[in-house]
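Colleague: I should like a close look at one part of this model, beginning with a single residue and then moving to its surroundings. Please keep the account connected.

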Amino acid sequence: MDIFRFLEENGIAYERCDHPAVFTCEEADRLVPAMEGAKIKNLFVRDKKGRRHFLVVVGYGKTVDWKSLASLMGLSSLTMASPDRLKRYLGVDPGSVTILAVINDTEKKVEVLFDRALWHSQSFLCHPLINTSTLAISKQDIQRFLELTGHEVIVLDVPASGREPC
């Protein structure tokens with residue numbers, strides 16, 4: 001899927017900045033020039049049995065309390081999904097996880113969770129399926145993108161913790 005063609009054909013405006021590959025929020029802070037929009041972290045996780053998959057979108061600085069989030073969602077646990085699952089469900093490699101990757105989830109197997117504090121932002125910074133570019137896209141256009149791909153947004157207060165899942 002050519003993400004740029006999809007965005008343009010559907011009237012989704014974006015500002016683009018190309019840069020060296022970034023794999024962490026810290027690298028993005030160092031290597032991506034300043035752009036207008038909320039800096040987001042996209043975490044691809046699954047439930048204990050691997051039946052449900054979630055793209056959890058939070059601000060750069062937030063560390064998720066996975067046990068509390070699982071409990072909030074009525075699940076026994078959440079864990080990071082493997083690179084194989086990431087490729088199978090979202091069609092991207094580690095380091096390129098992005099809200100825009102749900103375009104590859106044609107079977108609608110991935111649930112999108114946005115942290116409520118982040119959802120109030122006017123625009124978001126995200127990768128266009130590769131980690132060598134960053135796009136700034138308005139919240140309204142992100143909502144439209146998710147509607148076009150058939151994904152509902154679940155907005156909730158994602159609990160914070162001091163560590164990431166293994």
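What is the relative accessible area of Lys 108, and in which class does that value place the residue?

Modeller: The model is a predicted one. In it, Lys 108 has a relative accessible area of 42% and therefore counts as partly exposed. The residue belongs to the loop between α4 and β5. Its backbone deserves attention as well: phi is near 55°, a positive value in a residue that is not glycine. As a rule, most residues other than glycine have a negative phi. Leu 129 offers a second case, with a positive phi near 75°. This leucine sits in the loop between β6 and β7 (133–138). Unlike the partly exposed Lys 108, Leu 129 is buried, since its relative accessible area is 16% and the limit for burial is 20%.

The two elements that flank the loop of Lys 108 lead to the next part of the picture. Helix α4 spans residues 83–90, and its buried residues are Arg 85, Leu 86, Tyr 89 and Leu 90. They lie on the same side of α4 because the arc they cover around the axis is only 105°. The face turned away from that buried side holds Asp 84 and Arg 88, both exposed. Several strands help to cover the buried residues of the helix, among them β2 (38–47), β3 (53–59) and β5 (110–115). After α4 comes Gly 91, with a positive phi near 70°.

One of the buried residues of α4, Leu 90, also has a prominent place in the largest nonpolar core. This core has 34 residues, and those that touch the most other members are Leu 90, Ile 99, Leu 100 and Phe 145. Its greatest contribution comes from helix α1 (residues 3–9), which supplies four residues. Beyond four places in sequence, Phe 145 is in contact with Ile 3, Phe 6, Leu 7, Ile 12, Ile 99, Leu 100, Val 102 and Ile 103. There is also a second, separate core of 15 residues, including Leu 43, Val 64, Trp 66 and Val 158. In soluble globular proteins, nonpolar side chains tend to be buried together.

Helix α4 and strand β2 appear again around the largest pocket. The space in this pocket is about 730 Å³. Its lining has 34 residues, of which Phe 23, Thr 24, Cys 25, Lys 41 and Asn 42 are closest to the centre. Two or more lining residues come from each of α2 (25–31), β2, α4 and β6 (123–126). The largest share belongs to β2, with six residues.

A final point concerns the cysteines. The model contains zero disulfides. For Cys 17, the nearest cysteine sulfur is that of Cys 126, 13 Å away; likewise, the nearest one to Cys 126 is that of Cys 17. As a disulfide requires sulfur atoms within 2.5 Å, neither Cys 17 nor Cys 126 takes part in one. Cys 17 is buried, at a relative accessible area of 14%, and Cys 126 is buried too, at 3%.

Key: Residues are numbered from 1 along each chain as its sequence is written. This is a predicted model: local features need pLDDT of at least 70, side-chain atom pairs count only at pLDDT 80 or more; totals for chains, interfaces and linings use all residues. Side-chain values use heavy atoms; hydrogens and water are left out. A nonpolar core is a set of buried Ala, Val, Leu, Ile, Met, Phe, Trp, Tyr and Cys residues joined through side-chain atoms within 4.5 Å. Buried means under 20% relative accessible area, exposed over 50%, partly exposed in between (1.4 Å probe, protein chains only). Contact means heavy atoms within 4.5 Å. The arc is that of the directions from the helix axis to the C-beta atoms. On a 1 Å grid over the protein atoms alone, a cavity is a set of points where a 1.4 Å probe fits but cannot get out, and a pocket is an open set with protein on both sides within 12 Å along at least five of seven lines; lining residues have an atom within 4 Å of a point. Grid points are joined across faces, edges and corners, and a volume is the space filled by probe spheres set on the points.
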